[in-house]
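Where in a protein is there space that its own atoms leave unfilled, and what surrounds that space? Please look at the structure below with this in mind.

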Amino acid sequence: MDFSGHYPAERARIERGGAEKYHQAAAAAGKYHARERIRRLCDPDSFREDALWANPDPTLPADGVVVGTATVQGRPIRLVANDSTVKAGSWGARTVEKIIRTIEAAQLEQHPIVYLVDSAGARITDQVQLFPGRRGAGRIFHEQVRASGRIPQACALFGPSAAGGAYIPAFCDIVAMVDGNASMYLGSPRMVEMVTGEKTTLEEMGGARVHCEQSGVGHFLCRNEDEAIADVRRWLSYLPSNWTQPAPVRAARPPLPVDLAAVVPPSESAPFDMHAFLDGLVDRDSVLEVQARWAGELITAFARLDGRPVGLVANNSAVRGGVLFSDSADKAARFVNTCDAFNVPLLFLADVPGFMVGSAVEHGGIIRHGAKMIAAVAEATVPKLCVVVRKAYGAGLYAMAGPAFGSDAVLALPTARIAVMGAEAAVNAVYANKIAAIEDPAERERFVADRRAEYEADVDLRRLAGELVVDDVLAPEELRDDLIARYRRLTHKDRRFSDRRHPITPV
């Protein structure tokens with residue numbers, strides 16, 4: 001066969017992917033073809049494909065996966081895109097090899113990798129060739145773990161990510177999921193019913209809302225594929241190409257005209273939305289919240305201060321009083337680790353009553369989860385600043401990078417309170433029996449008020465500053481400029497922490 005004469009038509013056939021009926025079905029579901037997703041993600045004409053000719057079987061063009069190099073916002077990336085029109089994007093032996101080679105190449109080049117996932121998982125008919133061997137599917141996850149913290153790994157999930165394939169998103173730094181189409185699951189509804197007797201649907205068990213609102217595996221819930229692609233592009237803009245580089249700087253923008261002093265209620269028990277405070281502190285339109293729909297009592301977000309990326313960890317009293325739960329501790333730990341891995345300075349904004357108490361959370365291991373967050377904060381060596389916006393009680397102070405946790409500065413607003421617990425809880429803890437013994441209501445009220453005043457005087461903010469618990473007390477309108485100046489001074493901070501292989505992290 002004279003291949004040269006058939007080359008253009010053969011290449012076009014492979015690039016087309018599967019049969020027309022599969023393209024039509026995808027379009028009806030609001031889904032783009034894999035190559036269209038690549039076009040929308042990457043800079044124009046920057047994509048260069050590898051291993052197009054994998055698998056000569058005409059029913060398996062490119063073996064169902066498109067891999068190659070491109071640029072996003074001018075920076076090189078590697079990418080993997082399942083072609084759902086080819087055997088539902090399932091994996092064969094060559095599919096697996098292409099994915100492994102792409103991750104290996106991304107590590108050698110020290111470039112980010114983006115996975116555009118839409119796959120039914122492994123082809124059972126090919127399991128011996130693709131599953132158990134040294135270059136089998138398990139090697140994909142081995143390489144993802146090896147790449148973790150060295151290069152950014154992002155996933156946009158457009159359809160299913162089934163069985164073992166679900167671990168590709170799980171090992172990524174972020175996962176953007178398309179509502180109504182994306183799903184992650186280890187066993188199909190049919191398998192679940194066979195094994196456990198449970199009757200469920202794909203959406204109920206592993207749909208985008210489940211993972212973005214309940215399990216915490218998803219990070220961005222997206223209305224459509226364009227939004228998922230945009231979230232990935234924006235997320236990459238805050239991170240360097242690899243762990244050795246500084247985070248990219250953009251042009252500075254002034255914040256929104258928000259009166260920060262007016263946002264924070266003087267009463268520590270009055271809830272307020274910390275998002276409004278962030279809008280008046282960081283560069284305008286720079287906040288990219290991560291896992292916004294999960295564990296909303298804690299905000300984790302990328303933003304910019306004077307054009308420089310920062311990672312925000314902020315308590316939000318508008319949701320469950322800002323109390324830390326197991327999920328919010330896990331959310332914080334992962335986000336802090338991501339920022340620390342990729343040289344993004346951290347800013348903690350504390351308004352926290354502490355960790356949740358009670359038998360339900362203790363049975364769920366809240367001590368273990370809280371320790372995970374505290375460990376991540378302690379180990380983070382990027383520039384790290386803590387601002388006590390209103391209250392920081394108990395272990396909540398520790399989890400929010402308080403004075404004992406290597407913060408480069410602990411700052412306080414005039415509304416700040418730092419203590420083992422709030423005055424009301426403290427008075428009740430110490431004097432409960434005495435209060436109960438006072439029969440006269442007026443006398444009881446006076447006694448409680450006096451003890452509360454004594455407690456508050458003991459933890460007065462001026463005294464705490466005098467004891468060097470906080471490094472400065474700032475008016476809200478002074479905070480932004482002070483933070484910008486401190487982060488500039490910390491640009492070349494010595495980041496050595498501990499000589500060891502790795503910590504034993506509470507998980």
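The questions and answers that follow go through the domains, the pocket and the cavities of this predicted model.

Reader: How many Å separate the centres of domain 1 and domain 3?

Author: The domain assignment of this predicted model gives domain 1 (6-237), domain 2 (260-419 + 460-490) and domain 3 (423-458). Taken over C-alpha atoms, the distance between the centres of domain 1 and domain 3 is 61 Å.

Reader: Which helix gives the largest share of the lining of the largest pocket?

Author: The largest pocket holds about 1,300 Å³ of space, and among its 40 lining residues the closest to its centre are Ser148, Ala333, Arg334, Asn337 and Thr338. At least two lining residues come from each of α7 (167-170), α14 (326-341) and α16 (366-379). The largest share of this lining, eight residues, comes from α14.

Reader: Which domains each give at least three residues to the lining of the largest pocket, and how many of the lining residues are charged?

Author: At least three residues of the lining come from each of domain 1 (6-237) and domain 2 (260-419 + 460-490). By class, the lining of the largest pocket has 17 nonpolar and 13 polar residues, and the number of charged residues is ten.

Reader: Why is the largest cavity said to lie between two domains, and which domains are they?

Author: The search of the whole structure finds four cavities of 30 Å³ or more, and the largest cavity has about 80 Å³ of space. Its lining includes Asp173, His219, Lys331 and Arg334, and α14 gives the most to this lining, with four residues. Because both domains give residues to the lining, the largest cavity lies between domain 1 (6-237) and domain 2 (260-419 + 460-490).

Reader: Which strand gives the largest share of the lining of the second largest cavity?

Author: The second largest cavity, with a volume of about 70 Å³, has Val80, Trp91, Tyr115 and Ile168 among the residues of its lining. The strands β3 (75-82), β4 (113-119) and β5 (153-162) each supply at least two of the lining residues. The largest share, three residues, comes from β4.

Reader: How many charged residues are in the lining of the largest cavity, and how many in that of the second largest cavity?

Author: The lining of the largest cavity has five nonpolar, four polar and three charged residues. For the second largest cavity, the lining has seven nonpolar and five polar residues, and the number of charged residues there is none. The values asked for are therefore three charged residues for the largest cavity and no charged residues for the second largest cavity.

Definitions and conventions: Residues are numbered from 1 along each chain as its sequence is written. This is a predicted model: local features need pLDDT of at least 70, side-chain atom pairs count only at pLDDT 80 or more; totals for chains, interfaces and linings use all residues. Side-chain values use heavy atoms; hydrogens and water are left out. On a 1 Å grid over the protein atoms alone, a cavity is a set of points where a 1.4 Å probe fits but cannot get out, and a pocket is an open set with protein on both sides within 12 Å along at least five of seven lines; lining residues have an atom within 4 Å of a point. Grid points are joined across faces, edges and corners, and a volume is the space filled by probe spheres set on the points. Ala, Val, Leu, Ile, Met, Phe, Trp, Tyr, Cys and Pro count as nonpolar, Asp, Glu, Lys and Arg as charged, and the others, Gly among them, as polar. Domain bounds come from an automatic or database domain assignment.
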